[in-house]
Amino acid sequence: MGVEGCTKFIKYLLFFFNFIFWLTGGIILGVALWLRHDQKISSLLELEYDGTQAPNTFYISIHILIAIGAVMMVVGFLGCYGAIQESQCLLGTFFACLVILFACEVAAGIWGYMNRDTVSKEMMIFYDSLYDKAMTQSLAEDEKTALGTVLKAFHETLNCCGKGSGLNVFTHITDKLGLTDLCPKEFTSTSCHARIQELFSDKIYLIGIAALVVAVIMIFEMIFSMVLCCGIRNSPVY
């Protein structure tokens, strides 16, 4: 015989929320792995020229998400098992893990909000340095070819050309004149700054929505786990 009445209802409610928590951890892990191996992002972040590589701040965030997703799945399983077994020890451990995870998520959320534009800005700076150098006519032929290859990969991946403010049209013209070979074959008036902002900002918002959902679930779980733990302690069976 275990807990009865409202406490029994909370026990199964906690199990349900833990299952959702475990499932959310799996989704976060899956999304993080998808972002890690997304073809567009991988193509951009693996670009390298003259020993300078594209900024990897985005990958650092993704690796943190992979770790969080894996930990959430373990903690979710721990909570499910502790609720079904009505174990105060497991529920107490589960609560402690939730508090630590919640604190880490709040800290990560604050850091992410403060640095939400960092990834796109770093990528724009990297792109601008390549573009400005490619448009310099004093480059040696082999260096110009290597630089053109990197920029062309950038442009074809994002279907863009130039930094904006008319420079994309200018680059198309220099391509037609044979001075450069940087833009995609099909004409595009979209600047690469806009494409970079669109690509990375959209991914950041996905991460933010997932974090908010997880935070709400964690708050309910902390409440239910403590109520169940107190109910088990006050049960005459224990």
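**Group meeting: a pocket, a helix and a nonpolar patch**

Let me begin with the largest pocket, which holds about 950 Å³ of space; please keep in mind throughout that what we are looking at is a predicted model. This largest pocket has a lining of 36 residues, and those that lie nearest its centre are A108, G109, G112, I207 and A211. If we ask which elements build that lining, at least two residues each are supplied by α3, α4, α5 (118-134) and α8 (192-234), and the largest share, twelve residues, comes from α8.

Staying with α4 for a moment, this helix covers residues 88-114, and its 27 residues, at 1.5 Å a residue, should span 39 Å, which agrees with the 39 Å that separates its end C-alpha atoms. Within α4, the residues L91, F94, L98, L101 and E105 are buried, and I would point out that E105 stands in that list beside leucines and a phenylalanine.

Now let me turn to the surface, where a nonpolar patch of about 1200 Å² is formed by Y12, F15, F19, W22, L23, I27, V31, W34, F77, Y81, I84 and L206. Two elements, α1 (6-36) and α3 (57-85), are the ones that give two or more residues to this patch, with α1 providing the largest share, namely eight residues.

One of the patch residues, W22, sits in helix α1, and you may wonder whether we should call W22 buried, exposed or something in between. Its relative accessible area is 33%, and because partly exposed covers the range between under 20% for buried and over 50% for exposed, W22 counts as partly exposed.

How values were computed: Residues numbered from 1 in each chain as written. Predicted model: local features only at pLDDT ≥ 70, side-chain atom pairs only at ≥ 80, totals over all residues. Heavy atoms only, no water. Patch = residues over 30% accessible without salt bridge, like charges linked within 9 Å, V, L, I, M, F, W, Y side chains within 5 Å. Areas by Shrake-Rupley, 256 points an atom, 1.4 Å probe, with all protein chains shown as cover. Salt bridge = Lys/Arg side-chain N within 4 Å of Asp/Glu carboxyl O. Helix = DSSP H or I, 4+ residues; strand = E, 2+ residues; numbered from the N terminus. Buried < 20%, exposed > 50% of the residue type's maximum accessible area, 1.4 Å probe, protein only. Expected span 1.5 Å × (residues − 1). 1 Å grid on protein atoms, 1.4 Å probe; cavity = no way out; pocket = protein on both sides within 12 Å on 5 of 7 lines; lining within 4 Å. Points joined across faces, edges and corners; volume = space filled by probe spheres on them.
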